[in-house]
Amino acid sequence: MKHFLTTLLAGLLMLGAAQVQAASRIKDIAMVSGARENQLVGYGLVVGLAGDGDKDPAYTVQSMANMLQRFGVTVPSATLSSKNVAAVMVTADIPAFVKNGTRLDVTVSAIGDAKTLQGGVLLQTPLMGADGKVYAVAQGALAVGGFIGGSGGAGGATVQKNHPTVAQITGGALVEKEIATQIVRDDEVELLLRDPDFTSAARMAEAINKVFPNSASAVDTSSVRVQVPPGHSERPVDFIARLEAIEVVPDIPARIIINERTGTIVATSKIRIAACAVSHGELTINVASSLDVSQPNPLSQTGSTVVTPRTDTKVSEDKGRLIALEDMPTIDKVAAGLNAIGVTPRDMMAIFQAMKQAGALQAELILR
């Protein structure tokens, strides 16, 4: 575990150093306002599930009756069975500037009690945007990344891999209506930073002004407004392409992100730890249960053999050490100092939180 911690922090050190020295293209740290994806969603039916479909919920059989009525077959919903059919929600992301006829990937998710969508076919499903208008239509055979086997129930056993109730259709939706997109307004292009920061926005404006003088200004932490220079108004795509190729050194804040569920710690290279002393106790509790057999004495006419449970509990706590850590201005010294204590990643989470409360940790601490 100690080697893992050393490797983790060493990797972060190299990554941090690379971020300090290397510049990034505007294309990689910002996006053009208006040129974004939009989410689409629709409700549909998957058929051909060979008995693994929904167990006749009202919405599935009613949807089947409505679908059949569209084809001229009118039957009461109460007479239908949905064992081969599943009600599903279909979702997709439509990028900017996508034209009619372009194909999109869609995700199909069961909303009822179907066991699996394996082998199913999605019937034609309209996909709507947030404004309620239909922008694409999805249909096709599903590709499921998992499976389920066995009958389950009392005395039965089932084997399941991944999520068989979620499937994909690559290129399963056809765009029917293009979403209008405007990226140049009043001869201005607005760039939106993916990680808002005052310093990064100012640096971006400065880098753009070196290439296109007096054209850019930072509006706030997340946006930089660029005036399209004379001579580029007729060819905005070429101008934006040159704009996105400009390199900027973004400012990275001192930040530590801890995910206690997975034991993951990610730290940027600018964290600082002031001089402090650390003592982290190690309390261990072992609880062991076993069964003993109690028997009567030989030739005894009374008593019987019984099984009695026994529980042994042992508590041990190692002697804690108070270790003084000198002022550590860089992440490599932080790693060396904490490795000297011999802490594990889970111990380090508690130590970072205590350092933050004591005011010794000069970085933003985010707990997931």
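Tyr 43, Tyr 59 and Ile 111 together make a nonpolar surface patch of about 270 Å². The model in which this patch appears is a predicted one. The points below treat the patch, the chain as a whole, and the buried side of one helix.

**The surface patch**
- One member of the patch, Tyr 43, lies in strand 3, which spans residues 38–47.
- The relative accessible area of Tyr 43 is 35%, so this residue counts as partly exposed.

**The chain as a whole**
- The secondary structure of the protein chain consists of 7 helices and 24 strands.
- The protein chain has 368 residues, of which 33% are buried.
- Of the contacts between residues at least 6 apart in sequence, 69% join residues at least 24 apart.
- The chain exposes about 21700 Å², and carbon and sulfur atoms supply 53% of that area.

**The buried side of helix 5**
- Which residues of helix 5 are buried? Within this helix, formed by residues 236–244, they are Phe 239, Ile 240 and Leu 243.
- These three residues lie on the same side of helix 5, because they cover an arc of only 95° around the axis.
- A general rule of helix geometry is relevant here: an α-helix has 3.6 residues a turn, so residues three or four places apart point the same way.
- The cover over the buried residues of helix 5 includes two other helices, helix 2 (26–29) and helix 4 (198–211).
- Strands also contribute to this cover, including strand 2 (30–32), strand 12 (188–193) and strand 14 (223–227).

Note on methods. Residues are numbered from 1 along each chain as its sequence is written. This is a predicted model: local features need pLDDT of at least 70, side-chain atom pairs count only at pLDDT 80 or more; totals for chains, interfaces and linings use all residues. Side-chain values use heavy atoms; hydrogens and water are left out. Patches are made of residues with over 30% relative accessible area and no salt bridge: like charges are joined within 9 Å, nonpolar side chains (Val, Leu, Ile, Met, Phe, Trp, Tyr) within 5 Å. Accessible areas come from the Shrake-Rupley method with a 1.4 Å probe; for residues, only the protein chains shown count as cover. A salt bridge is a side-chain nitrogen of Lys or Arg within 4 Å of a carboxyl oxygen of Asp or Glu. Helices (H or I, at least four residues) and strands (E, at least two) are DSSP runs, numbered from the N terminus. Buried means under 20% relative accessible area, exposed over 50%, partly exposed in between (1.4 Å probe, protein chains only). Contact means heavy atoms within 4.5 Å. The arc is that of the directions from the helix axis to the C-beta atoms.
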